[in-house]
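Pull up the model and let's take a walk through it, chain by chain. Keep the viewer open so you can follow along.

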Amino acid sequence: MKHLLSAGDLSLDEANSILDLADQMQQVQHREVKKLPVLRGRTIVNVFFEDSTRTRTSFEIAGKWLSADTINVSAKGSSVSKGESLRDTMLTLDSMGVDAFVIRHSSSGAAHQVANWVKASVVNAGDGQHEHPTQALLDAMAIRQHFRKLGRDSWAGLRVGIVGDLLHSRVVRSNVLLLRTLGCEVVLVAPPTLLPTGVETWGVEVTSDLDQVIENLDIAMMLRVQRERMSGGFFPTEREYADGFGLTLERLHRLKPQAAICHPGPMNRGMEISSDAADAANSLVLNQVAAGVAVRMSVLYHVLGGSTEGIPL
Amino acid sequence: MKETVSARVIADSAEISRMVVRMAHQILEANAGAEDLVLLGIPTRGVPLAQRLASELGRIEGSPVRQGSLDVTMYRDDLRRNPTRPAGRSQVPGSVEAAVVVLVDDVLFSGRTVVAALDALRDLGRPRSVQLAVLVDRGHRELPIAADYTGKVVQTAADEHVWVKVKEIDTEDEVAISREAQR
Amino acid sequence: MTDILITGAKTVEGITGDLLIRDGIFIDPAAVTSKVQRIDADGLIALPGLVDLHTHLRQPGREDAETIASGTAAAARGGFTCVHAMANTTPVTDTAEAAEWIAEVGRNQGLAQVVPVGAVTKGLDGAELAELGMMARSKANVRVFSDDGKCVADSMLMRRALSYVSSFGGVVAQHSQDPRLAGESACCHESDFSGRLGLPGWPSQAESVIVARDVQLAELTNSRLHVCHVSTAESVDVIRWAKARGIQVSAEVTPHHLLLDTSLVSGYDTVYKVNPPLRTDEHLAAVREALVDGTIDIVATDHAPHAPQDKDHPFDVALSGMLGLEQALAVIIEVMIKTGRLDWAGVAQRMSYAPARIGQVAGQGRPIAVGEPANLVLIDPSARAVVHKDSSASRSRNNPYHGQELPNPVVTTIWAGRVTYSL
């Protein structure tokens, strides 16, 4: 695997391989020596054109625990404001002998473009409103662990509801692609104003009525809704949003008893998710964060762990 | 699976069983009992061999012996020479701290796998001692490694392949030498 | 200037015969002398010199991307003898002096006639009218006014502009884009495709609602509207309705909106970022049909050169636009001639006569006949070649046809009796 740009690029075998290794990697998290020598001598540069402390830290720890040299470049506004093009910025870094770039950008497709320009591997750490494949993988890891603990070992028949601002979400595209590859049923829930154009062609169920589907969900994945969206006319008030699409206490009670609750964070408590739901016993919110490092270790290993074409041995 | 005309069987199921029993006795003798022993098989075929050794030890001693697996993929020095390989499972029962760890593998060849295993073990803790048990020692060492317990020493040419088959994975027990790669 | 004798070419009227050019005019071939430059055009077709109503020459301001000289050289390679230089330069062409300067540089350095387009509003700000009358009365003789690149979004201002230019026979060429429905970041035709790519959508209705408004304002003011780069089926329907009603509206379509579709954007290659965006098949079919039935009057290139540093950005940030002059005729042959949708007379109409008429350019878009100005392009209708972006007279390389095999028709271009391009 040279790059990880889209969750849709992963075959079922590749996805399972990443998740399986991530489970192994999680053991390292609980060891005294949290380090594997596997990427010793490799250089990973986290280039974040958009702030994301959570994702950047997670990738940084993952790289360091694999013994790679991990460097953070906060590219937000720096050279871009000086008028340097994305291509020039990345080619400059690429010339320094980097093995992999972890890219976060506010523009959709940025990681794809960079992968076409540089020699190094590229891992997409979130591009605009497009994709965030490692988030989808860590969601899947947390969900899989939850259901394995309950003795359920197959994805088949699991019904995942993804609820919230699907229009501006990079998480939803990656999750739909990955969860479908794994064999889940997916139902998307959002007000019509927050549904992506053409969502009906994604091969998933789409509805604007959360109450109609809530009782049949095995996983309720609540996505963050930015308050700024109100001024864009996407919905009238916070109250109305929570009333229609929030995981309220009432809806929490209507979920199946073993259903998992996910949220990629950061949460707007009281809006898309009530505190009752966020802190419920079956809430995977913190498991998701914990899974993040392990999944990213696994992804970095899959991208950099083997021989690189073109490098003489 | 590719059948090769040149494959030569050097140990059958019965002989493999005898080797396991013999090694179990040697381990007990060397360590004056099975206390503090932890047997760690190196994936893939070291794992069932460690299980067999542990159950043999348990049978002789009358109490269970700790056993598990130690994946060394992440510690190999040849990772970059090959396409990304899937990592195996590590399952270490309890702590290795102050334990006597016996690493178990099917074939001892260059010694590189064992070095990787020692590195992996070091990151898990500090055993009192580490020993090595292998079913077949085929020579051609590239590193200063020697086995403490050996089922069989086999003279081989460097370009020959030694195959250990175990019924837990390969449906039969057998050690064979061939000129060509199989499996 | 030496006389030029072209032998064997067939005109779009189907006449094969010799053409003699002296002092920039076609004259009776019987007057041929021995001191003549002969061009053997056996098997070639002679089209009247092409006229582009929509060209970005980038000078003044962005001479690294294109100049009047390089842009008109590209025009000549594409068979054009006249281009309309859009007003969105730096400074903006919003005064008589600015327009005259462009026309002057065009006369001195151009390989085609350069007709300045005047801005509708000062600085393209969409707030106050530019000096439309003075530009019209200047030596540049501006007749086409456009804020192209930006929409004159204010309905009242658009009404005033249409009304104002009617007094001197001007035409307002509108870039139809509702700035609320398709804002600054909109960069991909809104469809299931944009949804998957996560690119901000540019719905086709953001174009057609403005077209619908503008044709009614043209009716209200009894003035002339020209719709730039029509890209959607909905706009075509509106224009068809307006024409049936007798409203003075003309419309153009670009070569790329006739040939290329939105799926090209899937790799986020910014070469394919253009405004309005590449659309889907149903829209391509609609604009092709409209170009045949006359709802869309002309082909205009929207030739938009950009330097790499303006394209090598994330998709939603990179500048919009693609080259068009050199491959325009090739695309029209591929899409319209080879498929039998248009004949050569139809192409001459849509790429020469009609654009010259809409732009009111005297001496361009005239038939190939004795006494007429000698603007023509000789074409080999069967030649084909793989387009390479480096094989270009333009200073820019944002060529969306790079790597595609297309017709390679232009053999010789003659502007005012002078050979401006020869294969």
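Here is a tour that starts with how the chains meet, moves into chain A, and ends in chain C.

One thing to keep in mind from the start: this is a predicted model. There are 2 pairs of chains in contact, and the pair sharing the most contacts is A and C. Chains B and C, on the other hand, have no contact with each other. Even at their closest, the C-alpha atoms of chain B and chain C are 27 Å apart.

So what does the meeting of A and C look like? On the chain A side, 22 residues are involved, and they touch 20 residues of chain C. If you want to find that patch of chain A, look for helix H4 (86-94), helix H5 (110-117) and helix H7 (170-182), each of which gives two or more residues to the side touching chain C. Sorted by class, that side of chain A has 13 polar residues, 5 charged ones and 4 nonpolar ones.

Now stay with chain A and look at how it is divided. Domain 1 is written in two pieces, 7-131 and 291-304, while domain 2 covers 133-289. Between the C-alpha centres of these two domains of chain A you'd count 25 Å. The two domains do touch: 23 residues of domain 1 of chain A are in contact with 22 residues of domain 2 of chain A. On the domain 1 side, helix H1 (12-29), strand E4 (121-127) and helix H12 (285-304) of chain A each put in at least two residues. Which of these elements gives the most to that side? It's H12(A), with 6 residues. By class, this side of domain 1 of chain A holds 12 nonpolar, 7 polar and 4 charged residues.

While you're in chain A, zoom in on strands E1 (residues 43-48) and E2 (residues 69-74). E1(A) and E2(A) pair in the parallel sense, over 6 bridges. To get your bearings, find Thr43(A): its bridge partner in E2(A) is Asp69(A). Add helix H2 (residues 53-65) of chain A, and E1(A), H2(A) and E2(A) together make a right-handed β-α-β unit.

Time to move over to chain C. Its secondary structure comes to 12 helices and 21 strands. Along the principal axes, the C-alpha atoms of chain C fill a box of roughly 65 × 45 × 45 Å. Is that what you'd get from a compact globule or not? A compact globule of 423 residues would have a radius of gyration near 22 Å, and chain C, at 20 Å, agrees with that.

Inside chain C, look for an open sheet of 3 strands in the order E7-E8-E9, with parallel pairing. Strand E7 (50-55) and strand E9 (113-116) of chain C stand at the edges with a single partner strand each, so one side of each has no neighbour in the sheet. From one strand to the next, the twist averages 20 degrees. E7(C) pairs with strand E8 (residues 80-85) of chain C over 4 bridges, in the parallel sense, and Val51(C) stands opposite Cys82(C) in E8(C).

Two helices go with this sheet. Helix H1 (residues 68-77) of chain C lies across E7, E8 and E9 of chain C, at about 135 degrees to E8(C). Helix H12 (residues 344-359) of chain C packs on the sheet as well, touching E7, E8 and E9 of chain C. The direction of H12(C) makes about 55 degrees with that of E7(C).

Key:
Residues are numbered from 1 along each chain as its sequence is written. Chains are lettered from A and ligands numbered from 1 in the order in which they are written. This is a predicted model: local features need pLDDT of at least 70, side-chain atom pairs count only at pLDDT 80 or more; totals for chains, interfaces and linings use all residues. Two residues are in contact if their C-beta atoms, placed from the backbone, lie within 7 Å. Domain bounds come from an automatic or database domain assignment. Ala, Val, Leu, Ile, Met, Phe, Trp, Tyr, Cys and Pro count as nonpolar, Asp, Glu, Lys and Arg as charged, and the others, Gly among them, as polar. Two strands pair if DSSP finds at least two bridges between them. A crossover is right-handed if, with the strands pointing away from the viewer, the path from the first strand over the helix to the second runs clockwise. Axes are lines fitted to C-alpha atoms, for helices over the stretch in contact, and angles run from 0 to 180 degrees between N-to-C directions. The radius of gyration is taken over C-alpha atoms; the globule rule is 2.2 Å times the number of residues to the power 0.38.
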